[in-house]
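Reader: Hello! I would like a close look at one part of this structure, and then a walk outward from there. Could you take your time with it?

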Amino acid sequence: RESRKTTTSMMPFTRPHLNLIYHVDFDKRVLKGKVALTLEVLEDKFSSLTLDSKDLKIFKVSANGQAAQFEVGTKHKSKGSPLEITLPFELSRGQHVIVEIEYETSPSATALQWLTPTQTVGKKHPYLFSQCQATHCRSMIPCQDSPSVKHTYYAQVTCMSSSNEAHAKINGRKIILIELHSCSAEIGPRSRVWSEKENVDEAAFEFSETETMLKTAESLAGPYVWGQYDLLVMPPSFPYGGMENPCLTFVTPTVLAGDKSLAGVIAHEISHSWTGNLVTNRNWEHFWLNEGHTVYIERMIARCMESEHLRQFKGIGGWKELQESVNQFGANNVLTNLVPNLHEVDTDEAFSSVPYEKGFALLYHLEELLGGPEVFMGFVKSYIQLFAYGTVTTEEWKNYLFTYFKDKVDILNKVDWNAWMHTPGMAPVKPKYDTTMADACTALCQRWVKAKEEDLASFTEEDVKKLKSPQLIEFMALLLQEPLPLSHVKKMQEVYQLNSVKNAEVRFRWLRICVRAHWEEAVPLALKMATEQGRMKFTRPLFKEVYNFSKYSDKALNTFKENRGALHPVTAMLVAKDLKING
């Protein structure tokens, strides 16, 4: 396919395959092993290659069985070090080479989090998981750590620790899942949920609609090509809501709300099976192609399974999340561009809701201009089919948009593409969403905002019983934009009993409201939530909220320092920056 040619045109070789042999040392917190990269050369007189690496100990390199010279270059502050390999021979276009590298990871490898038994739910076994997005795979494997290079792999893993003398070999599709205390439950004809045994029943209930979501996504975007779709409930320190590893989505336990109200996370990760895994952004500057389209399909799934009103409602919430990210970065910060320049920028520091929600806002705007959801979803499906198994840039996406809608080019030419793609701040066009589901949230919010002391007795628990979980989340989000006095917040707890709500999305917003109102009793609750789980969406704002309460700034700092070791390394690095801690 043309898209496949485009994918590899910048590389001296194509169609790589990785063969991994690992020994996992839980006591030293390192992976020891060997990777064999099989490469097909795309140019003549090929004699050297450069791979990404970060804090790896390289012991030996060979090419087709012959010793090869290598040098680890100067370390970059966030990107690691280039591994420069000189082959003992010269290759011509079309030839293959197998480069073998024996190495060991660092105990501080940013792709890996090592958990002690006490940091797990079961408290019996150590746990290791990998999280490579965006540029952390290089701390685990010397490779071309770029989404522009897709490859197959085979992995053989052995593990050993002094606390668990079990021995395991895993020949499979996902490296490192070594948790010898895990259980699974079938949740569909092509799906199982895996977790520590303490969570498996709750997870099976929470994710029981997975097959319906998969079928709905297939009806929208085309066949699911990955065969199995399993879910793995991660330890609490997992830094994201979910991660779309092909065949095995990693998901945060914070979505286990007991009422399926947070299943949208799964719809999002399922959607990544098409936009992200099947069609991938060429590099991280085009990350919105992954996330904007995935949010679009996720909300189309909600439309099909629930209602158009719910899709519109989710759009309203997404716009608020975009506004919060723009406020956080600053409206003139180039990291709020849909297509930012990431030269010399740590991709972790650039992560926000911008590619998700500004991207969705653009796609929704185009949908309105070009004929509605069915018409525009037809384009999205065709785009996926054209670029399947390849990678794509914004320019290529835009060119195909103009080709697909060739009879509506006059409409597309009126879109201010520079404002959407390359201008910081909010999206240039605010969608006019249907407010049917939002009106009740807005009305209740305004009642509280306008209430005088003598009006507080008029509020009852019936106010929130009428709201569905997504509406309760929206109500909290609205209150974050219009801070309440402490008297009102205390009354809200008295009548609604929000401190006992299990839904993490509600609890997170509620605790921020409390701390912002300077309710001192909420500070330990906020810090508890910030540390008992490590999802960055929750942990970073909660720490910042307490830190900004000047009386408790030191408390926030000390709590973070005490719990830093239990957080994922990326989360810890970003919270440290939020709290202005150096080193």
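Which residues does Thr-120 touch, not counting residues up to four places away in sequence?

Author: Happy to help. Please keep in mind that this is a predicted model.

Leaving out residues up to four places away in sequence, Thr-120 touches Leu-115, His-125, Tyr-127 and Glu-196. Thr-120 itself sits in the loop between S9 and S10. Its relative accessibility is 3%, so Thr-120 counts as buried; the cut-off for that word is under 20%. For a sense of scale, take Ser-219: the C-alpha atoms of Thr-120 and Ser-219 are 38 Å apart in space, and the two residues are 99 apart in sequence.

The loop that holds Thr-120 also has a backbone detail that may interest you. Lys-123 lies in the loop between strand S9 (112–115) and S10, and Lys-123 has a positive phi of about 65° although it is not a glycine. Asp-55 is another non-glycine residue with a positive phi, here about 60°. You will find Asp-55 in the loop between strand S3 (46–53) and strand S4 (57–63). With 32% relative accessibility, Asp-55 counts as partly exposed. One more backbone point concerns the peptide bond from Gln-133 to Ala-134, which is cis, with omega near 5°. Ala-134 belongs to the loop between strand S10 (127–130) and strand S11 (152–160).

From the loops, let us go on to a helix. Helix H4 covers residues 264–271, and seven of its eight residues are buried, so H4 is largely enclosed by the rest of the structure. Those buried residues are Val-265, Ile-266, Ala-267, His-268, Glu-269, Ile-270 and Ser-271. Their cover includes three helices, H3 (210–221), H5 (287–305) and H8 (354–370), along with the strands S15 (230–233), S16 (242–243) and S17 (248–251).

Aromatic rings come next. A search of the whole structure finds 35 aromatic pairs. One of them is formed by Tyr-404 and Phe-405, an edge-to-face pair with 4.9 Å centre to centre and 80° between the planes. Tyr-404, at 31% relative accessibility, counts as partly exposed, whereas Phe-405, at 3%, counts as buried. Then there are Trp-448 and Phe-459: their ring centres are 3.7 Å apart and their planes are at 15°, so this pair is stacked. Trp-448 is in helix H13 (residues 439–450), while Phe-459 is in the loop between H13 and helix H14 (462–465), so the pair ties together parts that are 11 residues apart in sequence. Both Trp-448 and Phe-459 are buried.

Last come three helices that you can follow as a chain of contacts. Val-489 is a good place to start, in helix H16 (residues 486–496). Its relative accessibility is 0%, so Val-489 counts as buried. Beyond its neighbours within four places in sequence, Val-489 is in contact with Leu-484, Trp-510, Ile-513, Cys-514, Ala-517 and Trp-519. As another distance to try in your viewer, Val-489 and Lys-75 are 50 Å apart in space, C-alpha to C-alpha, and 414 residues apart in sequence.

Val-489 also takes part in the packing of H16 on H17, where Val-489, Met-492 and Gln-493 in H16 meet Trp-510, Ile-513 and Cys-514 in H17. By class, that contact has five nonpolar residues, one polar residue and no charged ones. The two helices pack at an angle of about 145°, with their axes 9 Å apart, and the crossing of H16 and H17 is left-handed.

H17 packs with H18 as well. Helix H17 (residues 504–516) and helix H18 (residues 522–532) have their axes 9 Å apart and meet at an angle of about 140°. H17 and H18 are therefore oblique to each other, and their crossing is left-handed. From H17 the contact uses Ala-504, Arg-507, Phe-508, Leu-511, Cys-514 and Val-515, and from H18 it uses Ala-522, Val-523, Leu-525, Ala-526 and Met-529. By class, 10 of these residues are nonpolar, none is polar and one is charged. Cys-514 is worth picking out in your viewer: this residue of H17 meets H16 and is also part of the contact with H18.

Note on methods. Residues are numbered from 1 along each chain as its sequence is written. This is a predicted model: local features need pLDDT of at least 70, side-chain atom pairs count only at pLDDT 80 or more; totals for chains, interfaces and linings use all residues. Side-chain values use heavy atoms; hydrogens and water are left out. Axes are lines fitted to C-alpha atoms, for helices over the stretch in contact, and angles run from 0 to 180 degrees between N-to-C directions. Helices (H or I, at least four residues) and strands (E, at least two) are DSSP runs, numbered from the N terminus. Angles under 35 degrees count as roughly parallel, over 145 as roughly antiparallel, 65 to 115 as roughly perpendicular and the rest as oblique. A crossing is left-handed if the near helix is turned anticlockwise from the far one by less than a right angle, and right-handed if clockwise. Contact means heavy atoms within 4.5 Å. Ala, Val, Leu, Ile, Met, Phe, Trp, Tyr, Cys and Pro count as nonpolar, Asp, Glu, Lys and Arg as charged, and the others, Gly among them, as polar. Rings of Phe, Tyr and Trp (its six-membered ring) pair if their centres lie within 6.5 Å; planes under 30 degrees apart count as stacked, over 60 as edge-to-face and the rest as tilted. Buried means under 20% relative accessible area, exposed over 50%, partly exposed in between (1.4 Å probe, protein chains only).
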